[in-house]
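User: I am new to this structure and would be grateful for a close look at its aromatic rings. Please place them in the setting of the chain as a whole.

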Amino acid sequence: MDLDMDLRTTAVLEKHSMQRARVHGPAVVEELICQRNHMLTSRGVFLGSDPLKYSMPLLLMQMALIILTSRLVFRFIRPLNQGIISAQVLAGIILGPSVLGQSAIYTEMFLPVGGKITLQTLSNVGFIIHLFLLGLRIDPRIIRKAGSKAFLIGATSYAFPFTVGHLALMFLNRTYDLPLPVMNGLTVAIPLSSMTSFPVTTTVLAELNFLNSELGRLATNCAIVCESCNWLAALVYDLYRRQRALTSFGAIMWIVALLFIIMFVCRPVIIWLTEKKAQNVNKNDEIPFFPILVIMFLVSLGAETLGVHAAFGAFWLGVSLPDGPPLGTGLATKLDAFATTLLLPCFISISGLETNFFVVGDSHANMMEVVILVTYGCKFLGTAGASVYCKTQARDALCLAFLMCCQGVIELYTSIMYKDAKILNTQCFNMVIITLLLVTGVSRFLVVHLYDPSKRYKSASKRTILNTRQRNLQLRLLLCLYDVENIPSLVNLLEASFPTRFSPISVCTLHLIELKGRAHAVLVPHHQMNKLDPNTAKSTHIANAFLRFEQQNQGTVMAQHFTAVAPFSSINDDVCTLALDKKATLIVIPFHKQYAIDGTVDYVNPAIRNINLNVLEKAPCSVGMFIDRGETSGCRSVLMNQTWKNVAVLFVGGPDDAEALAFCIRIAEHPDLNVTMIHFKHKSSIHDESSNNNDFSEIELIHDFRSLAMNKGSVSYKEEIVKDGVETTQVVSSLGDSYDMVMVGRDHDLESPAMYGLTDWSECPELGVIGDMLASPDFHFSVLVIHQQPGGSLAYDNSYALPVANQKLVGESRVHPRFSTEEGFMTVDLGKD
């Protein structure tokens with residue numbers, strides 16, 4: 001009896017848990033919502049309770065539906081190169097009054113008026129944290145590196161549409177006498193359409209894998225200039241909007257005071273806490289996570305107290321802190337999953353939930369859309385025109401204009417803020433959101449199809465080791481490293497290359513670092529790196545190792561050191577760009593598998609494999625993939641007095657094998673190395689060299705090596721007579737531990753009988769058939785797999801020719817003139833225009 005009474009009481013309480021009524025407010029009639037207390041958690045369906053009448057179950061269902069719907073929408077629009085933010089807005093539109101919200105039952109269940117408050121509050125917390133992370137990834141010093149070109153394009157990209165948009169609004173107002181709500185809405189819609197946010201632009205570039213491309217770097221610089229113009233315009237507009245100048249000035253001074261507190265109080269405290277934490281636990285990557293969160297929430301509270309959004313304080317606190325590790329990386333690792341993946345979709349979807357297509361049918365809707373489209377059109381034309389004026393190629397100028405038109409979470413946040421402040425009415429808000437989606441979607445799609453980052457380093461000339469040998473050119477190497485463990489074997493490779501005064505080597509080292517905790521990509525010489533960045537210490541170890549090798553080989557080796565920080569999905573652009581700018585002959589990149597001391601595979605990195613594949617496909621020179629087994633073979637660098645003693649090259653036939661043989665002939669000149677060439681031949685070609693499918697250059701290389709072997713005891717030539725791939729495999733397997741390093745071409749003469757039956761399967765096709773065999777844990781020597789730059793019709797690059805042999809008698813200069821006159825220590829700074 002008591003249970004029945006309890007159930008009936010619960011049903012009545014749930015039925016009347018929320019009441020709404022229209023009351024007369026201070027200015028207009030407003031809707032008032034009354035909700036009963038203690039409606040947080042449900043008693044359960046078994047006690048007759050409806051969970052969706054309570055705040056917690058309703059919030060969980062709303063979040064689950066929003067995340068699920070946005071992921072489903074993203075799956076459909078991803079092939080069109082659209083971003084996750086567009087999917088989240090569309091998810092909000094689908095779940096909102098425009099589609100499913102037309103059902104009163106659905107609206108009462110999923111979107112009750114009282115249930116929106118909890119969702120909006122929690123999603124705003126997620127947005128505050130997300131904006132803090134966006135600010136943390138920004139390096140304010142980038143604006144000083146923007147250059148005059150970026151300043152002109154960025155300023156024009158904001159000023160031109162802002163000016164023309166307001167002129168169009170004034171013309172329409174004089175012609176049609178627009179209502180005050182429409183005027184107020186368009187007054188803020190024009191700056192919204194003119195702005196380009198730096199965090200949004202870098203996010204779009206990262207999603208499209210353009211962040212570290214030439215266009216991406218220019219767009220990054222232009223975006224931060226454009227956003228600075230927007231902040232300045234917003235400050236002027238705020239001064240103009242306030243009725244009393246004294247009150248306005250006082251409010252702005254309090255905001256300036258908050259920024260001073262952030263810069264000169266919060267920032268030093270957080271840095272001090274970080275250093276103290278790292279010293280206490282003896283780890284450089286440890287951060288004081290909870291104290292930073294407390295400071296962030298206090299600063300956000302201060303911003304709300306001064307009348308600006310809490311995200312304002314969180315954003316500028318993030319900007320004030322050092323980007324990158326340890327703070328940027330550590331906080332992003334801890335907060336991204338919670339704020340960006342879980343709560344941010346709810347915040348972005350709110351813009352869709354508040355969009356109602358059925359309110360757009362007003363008589364002034366066309367005029368509003370005309371003004372917004374005119375603003376976007378002028379933004380596109382202004383950016384493209386300024387880019388062409390700055391001598392940017394026409395296609396790149398169009399792509400840059402499209403990128404500057406892309407908008408995202410910052411613009412959505414600003415739109416929602418203006419709508420909540422009653423500055424944007426529902427009609428104008430709908431037009432802003434719809435246009436933002438369409439313009440951003442079309443712009444992203446066109447940029448992907450118009451811009452090819454690799455076009456810059458698709459060389460019109462051919463640079464190969466074979467060409468270097470035949471034409472007496474300087475050997476120029478680009479060595480890529482991920483960690484200090486890559487140093488010893490690569491130094492051994494340089495030592496084996498036998499640099500001399502009359503056959504010098506120019507080497508560039510490139511430290512590849514995955515972009516974490518910062519928004520923009522970096523490709524700079526080592527001496528320009530931020531000293532506070534923990535990655536600088538590792539790069540310094542790498543630079544010092546090769547600097548010491550350069551000093552030990554003074555006059556024969558010149559080394560330059562660079563660091564690239566970019567997403568691993570596009571860092572191959574930095575590798576190829578530097579190879580092009582430095583006219584490298586060979587790029588050496590580490591293999592994606594790391595081997596333990598017992599020879600087994602210790603670690604596999606799929607991201608590095610993708611980098612290798614992209615470099616192989618797009619490099620402007622030859623590429624060598626280096627399988628480092630220095631630890632397993634006990635060989636260390638020349639700096640530790642343990643070097644390679646025995647080197648072999650495997651030759652079947654084909655351009656790649658010829659490239660490997662040309663490099664090996666240079667190594668064979670080293671007086672302290674034993675070099676062996678193993679030539680796989682079919683018995684039908686024993687007496688007839690021309691019957692083997694080798695072209696003239698390969699035959700000449702083989703003869704040169706055989707002549708060298710006849711005149712030098714440390715060089716030997718072996719012929720292995722095989723009838724098919726099975727016997728080839730047996731010969732390769734018999735190499736054992738006889739060598740410290742083995743070289744081989746990636747691709748071989750497929751018509752050679754030695755390859756029969758070996759092309760059916762391989763675990764790592766990027767290594768080629770024999771290279772894939774040598775990557776097996778059965779071997780304990782290092783392997784260099786060389787792929788010659790394709791393009792038989794390309795003209796050979798004859799830059800950096802060396803003196804002819806008889807000039808050795810003229811003078812005994814220690815330093816090759818190429819080093820001091822043309823090469824020097826010139827550096828690549830892609831941040832400059």
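Analyst: The accessible surface of the protein chain comes to about 37,000 Å², and 60% of that area belongs to carbon and sulfur atoms. The model is a predicted one. Of the chain's 833 residues, 55% count as buried. The chain holds 28 helices and 17 strands. Among contacts with a separation of 6 or more, 80% are made by residues 24 or more positions apart.

The aromatic rings can now be taken up. A pair of aromatic rings is described by the distance of the centres and the angle of the planes. The structure holds 15 aromatic pairs. One of them is formed by Phe380 and Phe402, a tilted pair with 4.8 Å from centre to centre and 50° between the planes. This pair links distant parts of the chain, for Phe380 belongs to helix 14 (residues 365-389) and Phe402 to helix 15 (residues 394-405), with their positions 22 residues apart. Phe402 counts as buried because its relative accessibility is 15%, and the cut-off for that class is under 20%.

A second example is the pair of Tyr482 and Phe568, which is edge-to-face, with 5.9 Å centre to centre and 75° between the planes. Here too the pair links distant parts of the chain, 86 residues apart. Tyr482 is placed in the loop between strand 4 (475-481) and helix 19 (487-496), while Phe568 is placed in the loop between strand 7 (557-566) and helix 21 (572-581). Tyr482, at 15% relative accessibility, counts as buried. Phe568 is buried as well, with a relative accessible area of 12%.

Rings may also be joined in groups: Trp231, Phe312, Phe315 and Trp316 are linked into a cluster by ring pairs.

Other rings have a charged residue over the face. Lys334 lies over the face of Phe289, at 5.6 Å from the ring centre. Arg629 lies over the face of Tyr595, at 4.4 Å from the ring centre. Tyr595 falls within strand 9 (593-595), and the loop between strand 8 (586-590) and this strand contains His592. His592 is buried, with a relative accessible area of 4%. Apart from residues up to four places away in sequence, His592 touches Tyr603, Val604, Asn605, Ile608, Arg609, Asn612, Cys764 and Glu766.

An aromatic residue also figures in the surroundings of Leu321, which is located in the loop between helix 12 (310-320) and helix 13 (327-353). Leu321 counts as buried, at 2% relative accessibility. When neighbours within four places in sequence are left aside, Leu321 is in contact with Phe132, Leu136, Arg267, Ile270 and Leu327. Leu321 and Asp139 are 182 residues apart in sequence, yet their C-alpha atoms are 8.7 Å apart in space.

Finally, aromatic residues take part in the surface. A nonpolar surface patch of about 700 Å² is made by Met253, Val256, Phe260, Ile261, Met263, Phe264, Val265 and Val269. Met253 is found in helix 10 (residues 245-281). With a relative accessible area of 41%, Met253 is partly exposed. Met253 can therefore be part of such a patch, since 41% satisfies the requirement of over 30% relative accessible area.

Definitions and conventions:
Residues are numbered from 1 along each chain as its sequence is written. This is a predicted model: local features need pLDDT of at least 70, side-chain atom pairs count only at pLDDT 80 or more; totals for chains, interfaces and linings use all residues. Side-chain values use heavy atoms; hydrogens and water are left out. Patches are made of residues with over 30% relative accessible area and no salt bridge: like charges are joined within 9 Å, nonpolar side chains (Val, Leu, Ile, Met, Phe, Trp, Tyr) within 5 Å. Accessible areas come from the Shrake-Rupley method with a 1.4 Å probe; for residues, only the protein chains shown count as cover. A salt bridge is a side-chain nitrogen of Lys or Arg within 4 Å of a carboxyl oxygen of Asp or Glu. Helices (H or I, at least four residues) and strands (E, at least two) are DSSP runs, numbered from the N terminus. Buried means under 20% relative accessible area, exposed over 50%, partly exposed in between (1.4 Å probe, protein chains only). Rings of Phe, Tyr and Trp (its six-membered ring) pair if their centres lie within 6.5 Å; planes under 30 degrees apart count as stacked, over 60 as edge-to-face and the rest as tilted. A charge sits over a ring if NZ of Lys or CZ of Arg is within 6 Å of the ring centre and within 35 degrees of the ring normal. Contact means heavy atoms within 4.5 Å.
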